[in-house]
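Student: Please pick one part of this model and go through it closely. I would like the cut-offs behind each term as you use it.

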Amino acid sequence: MKKQIIVINGTGGCGKTTFVEFTQKYGKVINFSSVDKVKEVAKLIGWDGKKTEKDRKFLSDLKRLTTEYNDMSFNSIKEAVDKFKNSDNEIMFIHIREPEEIKRVVDTFNAKTLLLRRKDIATITSNYSDASVENYNYDFVIENTTLENLDKQALDFVEKVRNID
């Protein structure tokens with residue numbers, strides 16, 4: 001079975017989680033976020049799980065600091081990729097916001113990239129991570145218009161990914 005890693009990105013609220021859920025109807029998919037470990041640390045120091053502008057900036061800054069300190073996010077990605085390679089899953093989605101980390105994952109794991117957009121959702125600009133969403137040349141771009149259309153695009157996407165050489 002061929003396996004493919006997809007870096008998925010898009011501004012908050014554009015439908016990334018819904019898109020991944022739809023793809024799970026059509027293939028064996030695993031979902032991972034580069035900020036999961038950061039959120040664990042943030043909770044230990046008082047973050048309540050909300051996603052206000054202040055919270056988003058805090059998480060973005062904390063991710064940058066932990067990356068500089070011990071490359072925590074990338075190391076967690078490597079662990080997740082190793083598990084994926086030894087699983088029966090076909091597609092691994094990795095949620096990453098920062099262009100330099102996207103490039104690193106693409107270069108290290110031969111990943112493809114996907115940007116999800118939704119016209120009625122404004123780009124978040126209060127922090128570096130969210131403000132950088134559009135600063136990458138993605139392999140695939142999907143416009144989220146309706147749930148029915150997003151579901152169809154999820155099926156089409158899974159079929160395209162299965163045919164990547």
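Tutor: Start with the second largest pocket, which has a volume of about 200 Å³. A pocket here is an open set of points on a 1 Å grid over the protein atoms alone, where a 1.4 Å probe fits, with protein on both sides within 12 Å along at least five of seven lines; lining residues have an atom within 4 Å of a point. Points are joined across faces, edges and corners, and the volume is the space filled by probe spheres set on them. The model is predicted: local features need pLDDT of at least 70 and side-chain atom pairs pLDDT 80 or more, while totals for chains, interfaces and linings use all residues. Numbering runs from 1 along each chain as its sequence is written, and side-chain values use heavy atoms, without hydrogens or water.

This pocket is lined by 13 residues, and Arg64, Thr67, Glu98, Glu100 and Glu101 lie nearest its centre. By class, 9 lining residues are charged, 3 polar and 1 nonpolar (nonpolar: Ala, Val, Leu, Ile, Met, Phe, Trp, Tyr, Cys, Pro; charged: Asp, Glu, Lys, Arg; polar: the others, Gly among them). At least two residues each come from α3, α5 (99-109) and α6 (helices are DSSP runs of H or I, at least four residues, and strands are E runs of at least two, numbered from the N terminus). The largest share, 6 residues, belongs to α3, so α3 is the element to follow. Helix α3 also gives the largest share of the lining of the largest pocket, 4 residues. That pocket has a volume of about 530 Å³ and a lining of 25 residues, with Ser33, Val35, Lys39, Lys51 and Arg97 nearest its centre. Its lining divides into 5 nonpolar, 11 polar and 9 charged residues.

Now the helix neighbours of α3. Two packed helices are described by the angle between their axes and the distance between the axes. Axes are lines fitted to C-alpha atoms over the stretch in contact, and angles run from 0 to 180 degrees between N-to-C directions. Helix α3 (residues 53-70) packs against α4 (residues 72-85) at about 80°, with the axes 6 Å apart. That makes the two roughly perpendicular (65 to 115 degrees; under 35 is roughly parallel, over 145 roughly antiparallel, the rest oblique). Contact, meaning heavy atoms within 4.5 Å, joins Lys63, Thr66, Thr67 and Asn70 of α3 to Met72, Ser73 and Asn75 of α4. These residues are 1 nonpolar, 5 polar and 1 charged.

With α2, the axes of α3 cross at roughly 110° and come within 10 Å; the two helices are therefore also roughly perpendicular. Val38, Lys39, Val41 and Ala42 of α2 meet Phe58, Leu59, Leu62, Lys63 and Thr66 of α3. By class this contact has 6 nonpolar, 1 polar and 2 charged residues. Lys63 and Thr66 thus appear in the contact with α4 and in the contact with α2.
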